[in-house]
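Let's go through the empty spaces and bound molecules here and ask how each label is earned. Have the structure open while you read.

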Amino acid sequence: MSAPGIAEDNSAESDWLAVDQYLVDTLLGADPSLDHALAANAEAGLPAIDVSRTNGEMLGILVRAIGARRVLEVGTLGGFSTILLARGVGPEGAVVSCEYEPKHAQIARSNIDRAGVGDRVDIRIGAALDTLAALADEGAESFDFVFLDADKENNANYLERSMALTHPGSLIVVDNVIRRGAAADPDADDARTRGTRAALAWLGADDRVDATAIQTVGTKGWDGFAMAIVR
Ligand code: SAH
Ligand code: DHB
Ligand code: MG
């Protein structure tokens, strides 16, 4: 039974897309820097796996809500999410973003500079596990906010390494933990699904964090993110 005036949920992906577009039009409006970044990414042949606009703006709001000044991102791609995180930290803040592919880093650098936030973004090229270890070795100032959005196989390792790079109250967001229900599907057993299960199990078991997860629908289909706060 549905509530009066509310349709039964027989929604399809095309509806989720239309609603995301409606939300962008109503809440956010056009953003030439972000639009340009997506066009430049497509032109350069990067995969269109950036966060959606609505989800990316939510990351920016979370960064501002906790007053984060230092953000660590794993998975830069063309810098779409990086621009939103960099806006969130403000002119005195800093974003360190880890990217394995030099070509992605180069496109991201150009998109981020063009968006006017280049001075606060450091893109570190290399395997993120190595970069996180190097940041800890360097004694890098601790991060207030961490966004994990690269190879899902390593997410539990990224979480473990984030413990040395954060402080009580730091917020950690992990993208793509639902992936059309794969984690909870007993028939799904690919490497990414195993990585996602390992990350969720880590979040559930480790006493250093409190965590939850949110399922989402939208331009990227049925997915979701986990969110953890360092105790
Ligand atoms: N956060 C971006 C999307 C990232 S897509 C956005 O929302 O706009 C994932 C990126 O992680 C890709 O660019 C990929 O090259 C990178 N990546 C994959 N494995 C990696 C690794 N081991 N270390 C660093 N980057 C990696
Ligand atoms: C993929 C990766 C992502 O980070 C994402 O948000 C969507 C898809 C992928 O590798 O397919
Ligand atoms: Mg993602």
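**Pockets, a cavity and two ligands**

Q: How do you know that ligand 1 sits in the largest pocket?
A: The space taken by ligand 1 is the largest pocket. To sit in a pocket, a molecule needs more than half of its atoms within 2 Å of the grid points, and ligand 1 passes for the largest pocket. Keep in mind that this is a predicted model.

Q: Which residues come nearest to ligand 1, and what makes them neighbours?
A: There are 21 residues around ligand 1, and V51, G75, S81, E99 and H104 come nearest. To count, a residue needs a heavy atom within 4 Å. Helix 4 and strand 2 are the elements that give two or more residues to this shell.

Q: Why is the pair between V51 and ligand 1 called a polar contact?
A: The cut-off for two N or O atoms is 3.5 Å. A backbone N or O atom of V51 is 2.8 Å from an oxygen atom of ligand 1, so the pair is within the limit. The side chain of H104 also has an N or O atom at 2.8 Å from an oxygen atom of ligand 1. A nitrogen atom of ligand 1 is 2.9 Å from a polar backbone atom of A128.

Q: How much of ligand 1 does the protein cover?
A: On its own, ligand 1 has 590 Å² of accessible area, and the protein covers 89% of that.

Q: What makes up the shell around ligand 1, by class?
A: You get 10 nonpolar, 5 polar and 6 charged residues.

Q: What about ligand 2: where is it?
A: Ligand 2 takes up space in the largest pocket. The same test applies, with more than half of the atoms within 2 Å of the grid points, and ligand 2 meets it for the largest pocket.

Q: Which residues surround ligand 2, and which classes do they fall into?
A: Around ligand 2 you find I49, D149, K152, D175, N176, R192 and K220. Sorted by class, that shell has 1 nonpolar, 1 polar and 5 charged residues.

Q: How do you know that D149 makes a polar contact with ligand 2?
A: A polar side-chain atom of D149 is 2.7 Å from an oxygen atom of ligand 2. The limit is 3.5 Å, so this pair counts. The side chain of K152 has an N or O atom 3.0 Å from an oxygen atom of ligand 2, and for the side chain of D175 the value is 3.2 Å. As for cover, the protein hides 74% of the 290 Å² of accessible area that ligand 2 has on its own.

Q: What is the volume of the largest pocket, and what lines it?
A: The volume is about 750 Å³. It has 34 lining residues, and I49, D149, A150, D151 and K152 are the closest to its centre. Helix 4 (80–89), strand 2 (94–99) and helix 6 (128–137) are the elements giving two or more residues to the lining. By class, the lining has 13 nonpolar, 8 polar and 13 charged residues.

Q: What makes up the second largest pocket?
A: Its volume is about 400 Å³. Of its 23 lining residues, L38, S52, R53, F80 and T219 are the closest to the centre. Helix 1 (13–28), helix 2 (32–43) and helix 3 (53–65) each give two or more residues to this lining, and helix 2 has the largest share, with 5 residues. The lining divides into 11 nonpolar, 6 polar and 6 charged residues.

Q: Why is one space called a cavity and not a pocket?
A: In a cavity the probe fits but cannot get out, whereas a pocket is open. Searching the whole structure for cavities of 30 Å³ or more turns up 1. The largest cavity holds about 40 Å³ of space, so it clears that cut-off.

Q: Which residues line the largest cavity?
A: V51, N55, M58, L59, F147, V173, D175 and F225 do. Helix 3 and strand 5 (166–175) give two or more residues to the lining, with the largest share, 3 residues, from helix 3. By class, that lining is 6 nonpolar, 1 polar and 1 charged.

Conventions: Residues are numbered from 1 along each chain as its sequence is written. Chains are lettered from A and ligands numbered from 1 in the order in which they are written. This is a predicted model: local features need pLDDT of at least 70, side-chain atom pairs count only at pLDDT 80 or more; totals for chains, interfaces and linings use all residues. Side-chain values use heavy atoms; hydrogens and water are left out. A polar contact is a pair of N or O atoms within 3.5 Å; within protein, one must be able to donate a hydrogen and the other to accept it, and residues adjacent in sequence count only if both atoms are side-chain atoms. Accessible areas come from the Shrake-Rupley method with a 1.4 Å probe; for residues, only the protein chains shown count as cover. On a 1 Å grid over the protein atoms alone, a cavity is a set of points where a 1.4 Å probe fits but cannot get out, and a pocket is an open set with protein on both sides within 12 Å along at least five of seven lines; lining residues have an atom within 4 Å of a point. Ala, Val, Leu, Ile, Met, Phe, Trp, Tyr, Cys and Pro count as nonpolar, Asp, Glu, Lys and Arg as charged, and the others, Gly among them, as polar. Grid points are joined across faces, edges and corners, and a volume is the space filled by probe spheres set on the points. Helices (H or I, at least four residues) and strands (E, at least two) are DSSP runs, numbered from the N terminus.
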